[in-house]
Amino acid sequence: MHINKGVLIAIVLALTAACTDEAPPRGTAITDVTVIDAINGVREHQTVVFDGDEIIVVASAESVLPPALHHIDGSGKFLIPGLWDMHVHLTYDDAFTESMPAMFLAYGITSVRDTGGLLYKLQPVVEKMRVPGVVAPRVYYSGPLLDGNFVVYDGKSRPEIGTQNATVEMATENVAALKAAGVDFIKIYEMVSQDVFAALVSAAQAHGLPIAAHIPLSMIASQAGPNVDSMEHLRNIELDCASNAPALFEERLSRLNADDVESGYALRSSLHSLQRIPAIMQYDEERCNRTIASLTGTIQVPTLRLLTFPLRSAYDHPDWNEALAQVPELKRDEWEVATAQWQENSEPRDTTYAEWGLSLVGRMHEQGVPIGAGTDTPIAHALPGFSLHTELERLVEVGLTPFEALESATVRPAEFFSLQDEMGTIDVGKRADLVLLNANPLDNISNTREIAVVVSKGRLVAR
Ligand SMILES: [Zn+2]
């Protein structure tokens, strides 16, 4: 073998470096920072070093540490794990798809769970986000909403993001096909029958896929909820909290089995209008406590920002103008008009369901139900990234501590995907997704908006 002189010198230099006591500098150190995560609590005066997509040091700022290549002064600042939005739709609105990844990162959202989109549209988006070196949040996706014989999001009155599971066989085949296509979990929707629900659950379990679900209208929350890993939007829980829940259930079943149904969307809407508010009016605390007690093993992703809109409109948020300025050109007019119309409209709004949502999440939290943070962005004018911080504020409003709100956007989503060993806290060996804040989020959860630096997969994100 012939080695030229230049290469030889380089090899000798490398060997010399390896033989000295001093390790070569590596990684980026965030120095003298207060580290906050939901498992380790608060650790003051720490130095955190990450190299590539891995945290390699978390130690007291006074300790002697191997030299780092780059330094970020963390003194007076607060370091939290990268945040998750557990409920997003990357392909719901084409005007947003392209810009969503950067918007998430700008607001410290370093991971997202896409809870519904057709594979042919969603997979190219996911593939692009997963190209090594691309600056984008980590993304986990379910593919289509797995609906029943009737499909709510069938592409007619609503965008097409649902698919039909009319029979147990279809359900089993569809889950197998989704697994083969590479989905990370499945999403069960509202119109499935009891048999199809059971088939979807057992197929997902057989394939090792976590399950997110709306409570199907053919079931009650305490029956369906314990079989899934997360429940979205508190959907249809009120129907199991009413003193006349059994009668409501019978009424729903007979409507679901009627043969004069026009569409999945119309059927669902008619059942919600028929039963939702009456059920809340018939609220039975004892019954509801039994329902809640059945759900302590299921993460609730209440999307409170969405549910409380009539009561706490996003348009009235002090930072809403900042949000509006970031809406893609194509959509900005529409959002501005909606904002103006809302603010000009002085008619009283029905806030029953919004108040119900706030009180239910508070009680669930008190009774030990795990809560996850998600927004449904970009649906209902939820700005990607921005809206997650509003969701954290709502969670604190209903009784979570700021610490627990952080947990809902870090540890809970990691648990959903059994990724606790890789994500959710700031520990050696974990992935390098970090948010450096200028103010303490434990003093006020709104301080999660005071972002100095975002680190995604070990790279500093330009904001
Ligand atoms: Zn959704």
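Trp 335 is buried in this predicted model, with a relative accessible area of 1%. Phe 96 is buried as well, because its relative accessibility is 1% and the cut-off for buried is under 20%.

A pair of aromatic rings is described by the distance of the centres and the angle of the planes. The count of aromatic pairs in this model is 17. One of them joins Phe 96 and Trp 335 in a tilted arrangement, with 5.5 Å from centre to centre and 40° between the planes. This pair links distant parts of the chain, since Phe 96 belongs to helix α2 (residues 94–97) and Trp 335 to helix α13 (residues 329–344), 239 residues apart.

Another pair is formed by Tyr 315 and Trp 342, whose planes meet at 65° with the ring centres 5.7 Å apart, so the pair is edge-to-face. Tyr 315 is found in the loop between α11 (304–307) and α12 (320–324), while Trp 342 is in helix α13, so the contact ties together parts that are 27 residues apart in sequence. Tyr 315 counts as buried, at 8% relative accessibility.

Ring pairs also build a cluster, which includes Phe 96, Trp 335, Tyr 315 and Trp 342. Its other members are Tyr 107, Phe 309, Trp 320 and Phe 386.

Charged side-chain ends sit over two of the rings, as listed here.

| Charged residue | Ring | Distance from charged end to ring centre |
|---|---|---|
| Arg 276 | Tyr 353 | 4.0 Å |
| Arg 449 | Phe 386 | 4.8 Å |

Phe 386 thus appears both in the cluster and under the charged end of Arg 449.

Definitions and conventions. Residues numbered from 1 in each chain as written. Predicted model: local features only at pLDDT ≥ 70, side-chain atom pairs only at ≥ 80, totals over all residues. Heavy atoms only, no water. Phe/Tyr/Trp six-rings, centres within 6.5 Å; stacked < 30°, edge-to-face > 60°. Helix = DSSP H or I, 4+ residues; strand = E, 2+ residues; numbered from the N terminus. Buried < 20%, exposed > 50% of the residue type's maximum accessible area, 1.4 Å probe, protein only. Lys NZ or Arg CZ within 6 Å of the ring centre and 35° of its normal.
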